[in-house]
Amino acid sequence: MAKILIVDDEKSIRTTLAEFIREEGHEVFTAEDAAEALRLLDEQHPSVVVTDIILPRMTGVGLLKQIAERSPDIQVIMITGEPTAETAAEAVRLGAFDYLSKPIARVDFKSAVTSALRVTELAQERTRLEEENRRYQEHLEEEVSKKTGALRESEAKYRAVVENASEAVFVAQDGVLPYANPSTARLSGRSLDSLGTTPFIDWVHPNDRERVSERNALRLSGAEVSGTYEFRIVRPNGDVRWLELHPVLISWEGKPATLNFASDITDRKNQADLELARQRKIQERDASLIKLAMDSVLYHGPDKAALQTITEAASRTLDVERVGIWLFNNDASRLCCDDVYERSKDAHSSGASLKRDAYPTYFDAIQHERTIVASDAINDPITTDFANAYLRPLGIASMIDAPIWLEGKLVGVVCHEHVGQVRQWEREDITFASSIANLTALALEAIHRQRAERERERSESRYRNLFDNSPISLWQEDYSETKAYLQEIASRGIDDLESHLHEHPKDVEACIRRIRVVDINQATLALHGATSKEQLLANLSGVIPPETRREFIPQLLAIYNGDTSFEGTGTDQRLDGSIIHAAIRWIAAPGYEETLERVLVSKNDITATVEAERSLQQALDGTIRALGATTETRDPYTAGHQRQVTKLAVAIAREMGVDDSIIEGTRVAGLMHDIGKLAIPAEILSKPSALNSMERSLIESHPEAAYEILKAVSFPWPIADIVIQHHERVDGSGYPRGLSGEDIRIEARILAVADTVEAMASHRPYRPALGIDLALEEIEKNRGAHFEPAVVDACLRLFQNGGFTFEDDD
């Protein structure tokens, strides 16, 4: 049982991988970051460490360096959810044993850990041997002296020790071995008798003889020579073994000789050679991937050239006969071959397709498995359906199919197909195939981007044609500087930007000045009486008359609020100074919704419509005033009452900040709110004494009479409803319907206060004027009972601040 340390900041991954290892009977420790991992490293001394590359505070690569410094024999396996050739190459360069990509299959993970454990055991054994050799080196002369003394004291004891040593021990003198222990015979594959007569150099591999002879001669001459070295020997049966030799200069029977301690390190060397070959293969494939990733044809070349470059490079590097790129159609019911490269023919082809209905097992597998690895493709349950129609006719024995993911969507697969004998795929093969699929995704992304760019250019051309030839006035404008300026204004602590702009016309002018006119069409030139674009380009200061720039405030608010479109009206002026009333619409161009650097504006000339509406409005106002005047002729004592009530009501509405449409509706209703008195006898209207109950009933019927007169007239505002409600009270005590609260229109609630104040402040046939102070006292006393509190407050502010009088301004 070995100790395994798993390091990952995701608990679910640590738990899953730990369970995989515990199934093998190993002891597992986990850590969520590098600091905890280093603590456990010192405490538990694990044999293998599995770490994610992405860790908080210290990365997995940093942890790898720390482990290499503290415990170089521990093998480290790197894992990552975002594999790249660069991170893999860096991890291998720093000494990582293996490099796995998430999600990690149970079999792959166990296999990698098992291999790492074997390498760790070999490394620990090598360390032990090196430590023993070091001790030999440090104490060799002392040991030799002791052994020599011991030999003198007891030849039998000495021989017992040496004869039973597992290490080969022999004396070399004059090219032969006058003494060798049994382990030397086993190591060399020769008998003890032949060792004493056969020249030692005959054992040595021909390629190593010169080096061994030179070192032996130098040592015998007394020269400084490093202690331990390695070389090969050849056994009589031709078997080649690696030896690690530690010679010491001694005197044997009065003549110079060397006492040699030799160990068989063949297994260690073979493992190292295999690992070196593996690392060399990884480096070669990484270099191929990097070269491919840097090839401009993948990102800027023709569509076919990009895919053909990938399939050719993958075929050569992975040493397979065929590599194909297959992409899903729109509904993912079919895989279509965009390119397949056959290495032996050096030829490309395309056009084949595979239907999901024909191969459901394969299609499901590619959807749910990271990579399909079929060493025996004909018998593999995922790929066996291809055997008769595809695999056998082409001689395909083994396959690796890696899915292509683009923006989180499975778009296809890269197929690597080996022809000939069954090939057992290695982990490095699978990793390379996945990397090729990732590069294919990058190339496809570039292909899609180039197609989109070509379509954008075609769209731009169509747009330019429509823009230039449109009969509607079109402008291309840049609002980005205006948006930034509005944000700068708001950053001064201004909460109500609209009010600020109304109160600071210079800021409105500055905003308009910052709007840059980029382009206009011919219809715009004609509308504004211009002969060239230069006359209207730059900014809008020369187009929008100073006296109408307040009308531009709604557009400025839309720009500030981040709106991407606007509809409204505005006023332009021609170059000759004449006015244009225009219906304005603008919309941000796609891709410029945030910055508003490119906005398309259309302007329709509605001057004739505006002037017609103005004439109609004037006619309507005249009619309304005539109706109001008609009422006043019936009641000479209240002449001007409706106009004075209207004046106060409009002032109250503006003080309250209600919409312009409510203000205008209040004005029109105020001018006619007593029109119902036309139905009341004049002698009652002008009676100087108190009214009896019947007379009062007639007076209180005038709102309903007014409603009957006005309901058939089509106004832009609900005039009939406002007039019939102007004697209602918020507590329900009014007439004629006894409405209360929000059931009464706001315009009627405003007229109720204005009507009361004006009536009390003015002369009546049955009493003299009570004065404005008593009138204000009356509405304040009945605030919240008869009258709307907000309306009362606004009225009181008007008089208390000295901003309103009933003096006739007609």
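This is a short talk about a few places in one predicted protein model.

Hi everyone, and thanks for coming. Please keep the structure open while I talk, and remember that we are looking at a predicted model.

Let's begin with two helices that touch. Helix 16 covers residues 480-490, and helix 20 covers residues 553-560. At what angle do they pack? The angle is about 85°, and the axes are 9 Å apart. Angles of 65 to 115 degrees count as roughly perpendicular, so that is what we call helix 16 and helix 20. On the helix 16 side, the contact uses T482, K483, L486, Q487 and A490, while helix 20 brings L556, I559 and Y560. Sorted by class, that makes five nonpolar residues, two polar ones and one charged one.

Now find L497, which belongs to helix 17, residues 497-503. Is L497 buried or exposed? Its relative accessibility is 6%, so L497 counts as buried. Setting aside neighbours within four places in sequence, L497 is in contact with L486, I489, L557 and Y560. You have met two of those names already: L486 and Y560 also take part in the contact between helix 16 and helix 20. L497 and L556 are 59 residues apart in sequence, yet 9.7 Å separate their C-alpha atoms in space.

For a contrast, go to V107 in helix 5, residues 106-153. V107 is exposed, with a relative accessible area of 62%. From V107 to A305 we count 198 residues in sequence and 38 Å in space, C-alpha to C-alpha.

Back to helix 20, and to what lies beside it. Helix 20 lies across strand 21 and strand 22, and runs at about 10° to strand 22. Those strands are part of an open sheet of six, in the order 20-19-18-23-22-21, with antiparallel pairing. Which strands sit at the edges? They are strand 20, residues 538-539, and strand 21, residues 565-573, and each pairs on one side only. Further in, strand 22 (579-588) and strand 23 (599-605) run antiparallel and are joined by seven bridges. I584 has K603 of strand 23 as its bridge partner.

The loop between strand 22 and strand 23 holds L596. L596 has a positive phi, near 60°, although this residue is not a glycine. Most residues other than glycine have a negative phi. L596 is also buried, at 0% relative accessibility. Compare D319, in the loop between helix 12 (303-318) and strand 11. D319 has a positive phi too, of about 60°, but D319 counts as partly exposed, at 46% relative accessibility.

Next, a strand with plenty around it. Seven of the ten residues in strand 10, residues 255-264, are buried, so the rest of the structure largely encloses this strand. Strand 6 (168-173) is antiparallel to strand 10 and joined to it by five bridges, with A168 opposite A262. Strand 9 (240-252) also runs antiparallel to strand 10, with ten bridges, and there L249 stands opposite T258. Strand 9 and strand 10 form a hairpin with two residues between them, where E253 takes a positive phi near 55°.

Just ahead of strand 9, R235 sits in the loop that comes from strand 8. R235 counts as buried at 18% relative accessibility, because the cut-off for buried is under 20%. Among its contacts beyond four places in sequence are R186, R190, R241 and D264.

Our last helix is helix 14, residues 387-394, where A387, Y390 and L391 are buried. Why are they on the same side of helix 14? They cover an arc of only 120° around the axis, and that places them together. On the other side, N388, A389 and P393 are exposed. The cover over the buried residues includes strand 11 (322-328), strand 16 (396-406) and strand 17 (409-419). Right after the helix comes G395, with a positive phi near 75°.

Before I stop, here are two peptide bonds to look up. K102 and P103 are joined by a cis peptide bond, with omega about -5°, and P103 lies in the loop between strand 5 and helix 5. Y735 to P736 is cis as well, with omega near 10°, and P736 lies in the loop between helix 27 and helix 28. Most peptide bonds are trans. Thanks for listening!

Methods: Residues numbered from 1 in each chain as written. Predicted model: local features only at pLDDT ≥ 70, side-chain atom pairs only at ≥ 80, totals over all residues. Heavy atoms only, no water. Axes fitted to C-alpha atoms, helices over the stretch in contact; angles between N-to-C directions. Helix = DSSP H or I, 4+ residues; strand = E, 2+ residues; numbered from the N terminus. Parallel < 35°, antiparallel > 145°, perpendicular 65-115°, else oblique. Contact = heavy atoms within 4.5 Å. Nonpolar A, V, L, I, M, F, W, Y, C, P; charged D, E, K, R; others polar. Buried < 20%, exposed > 50% of the residue type's maximum accessible area, 1.4 Å probe, protein only. Arc of directions from axis to C-beta. Pairing = 2+ DSSP bridges.
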